[in-house]
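This report introduces selected features of one protein structure to a reader who is new to the subject. Please keep the sequence and the structure in view while reading.

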Amino acid sequence: MDGLMTAVVKQYPKEGADIVKKEIPKIGPDEVLIKVKATSICGTDVHIYVWNEWAKSRIKPPKTMGHEFVGEVVEIGENVTSVKVGDLVSAETHIVCGKCRACRTGNAHICENTLILGVDTDGAFAEYIKVPESNVWINDKNMPLEILSIQEPLGNAVHTVFSGDIVGKSVAVIGCGPIGMMAIPLLKRTGAAAIFAIEPADYRRELAHKLGATRVINPLREDVVSIIKSETEGYGADVVLDFSGNPTAIRQGLEYIAKGGRMSILGLPDNEVSIDITNNVVFKGITIQGITGRRMYDTWYTVKGLLKSGLAEDLKPIITHTFPLTEYQKGMELMIKGQCGKVVLYP
Ligand SMILES: [Zn+2]
Ligand SMILES: [Zn+2]
């Protein structure tokens, strides 16, 4: 397809981004062109926008930002067989090689050669995006667009929550940014005994409460370790899910985690974190697990099934703001201040 489109582009290696008119992407034989209907802002987009240390080391401007979206297929490459024009689709954002050991053993989410949509390639904050056929996920047309646009981060939450048993367990959720927040209805719907939500921002604590957390804790004002111990007969939380990457919060999690417990970490600390391995890991016999991306494509099928089971309805309070794409800055500001759940943009 020829012509120009509007896009939010990281043009220069500095803070900010710009609205620009640029060429509609040209697809190759194995690619699909999608007209974006809704796209949501991720913490990663905020990192790129404010140009933090990670962004400086990873992003090569100019790049169209954004990676979480839903849209309609408008053109397919000559080799494409599994997707057709008119399909309502989203996409797995990890573009993997399919050839390395991880890919060949069912672990493509840790592919050696991963490229990330909207990070290493042009993204979804635009009227059109191109994606390899193998990354396209065909959606149920009856689901709300806003919910379909957040399946990628929802997949992160699903991957984190279900990387071990949670049925009947007490679970601590550290950090109620958009992904941590999504973990709450997931845990509630699938039978966690208690959900402790730990979050410093007032707005997000309130949302965590509304979503059904058993106890919401402000780590700046309250003693997280003693509260969780007292709520669990002194044993501590069976499962600790970190979505914050905050070193103090992770260390506290290792204090209040129960013996034999599981800590799954999705949050990214900026620097190395020192922990008491002797007392809090070895003698407690716990498992610490890193979570990256979504299992391809097991997690996507789980997300689809959960949305159908009623999760789509549970997640609605998480979509707190919507703007036209051209007003993306408003969304960025809210994300920076922590005064929102998920922000969805319409091109
Ligand atoms: Zn994301
Ligand atoms: Zn690979």
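## A helix residue and two metal sites

Asn156 is part of helix H5, which covers residues 151–161. The structure described here is a predicted model. With a relative accessibility of 10%, Asn156 counts as buried, because buried means under 20% relative accessible area. When its neighbours within four places in sequence are left aside, Asn156 is in contact with Ile179, Leu266, Gly293 and Arg294.

The report now turns to the metal ions. The zinc ion (ligand 1) is coordinated by Cys42 through SG, His67 through NE2 and Glu68 through OE, at 2.1 to 2.5 Å. Along the chain, the donors of this zinc ion (ligand 1) follow the spacing C-x24-H-E.

The zinc ion (ligand 2) has as its protein donors the SG atoms of Cys97, Cys100, Cys103 and Cys111, which lie 2.3 to 2.4 Å from the ion. Their spacing along the chain is C-x2-C-x2-C-x7-C. The angles among the four donor atoms of the zinc ion (ligand 2) are 103 to 119 degrees, and the site is tetrahedral. For comparison, the ideal angle at a metal with four tetrahedral donors is 109.5 degrees.

The table lists the relative accessibility of several donor residues from the two sites.

| Residue | Relative accessibility | Class |
|---|---|---|
| His67 | 3% | buried |
| Glu68 | 0% | buried |
| Cys103 | 14% | buried |
| Cys111 | 8% | buried |

Cys103 counts as buried because its relative accessibility is 14% and buried means under 20%.

Definitions and conventions: Residues are numbered from 1 along each chain as its sequence is written. Chains are lettered from A and ligands numbered from 1 in the order in which they are written. This is a predicted model: local features need pLDDT of at least 70, side-chain atom pairs count only at pLDDT 80 or more; totals for chains, interfaces and linings use all residues. Side-chain values use heavy atoms; hydrogens and water are left out. Helices (H or I, at least four residues) and strands (E, at least two) are DSSP runs, numbered from the N terminus. Buried means under 20% relative accessible area, exposed over 50%, partly exposed in between (1.4 Å probe, protein chains only). Contact means heavy atoms within 4.5 Å. Donors are N, O and S atoms within 2.8 Å of the metal (3.2 Å for Na, K and Ca); water is not among the atoms, so sites may look incomplete. Four donors count as tetrahedral if all angles lie between 85 and 135 degrees; four count as square planar and six as octahedral if opposite donors are over 155 degrees apart and all others between 65 and 115; anything else is irregular.
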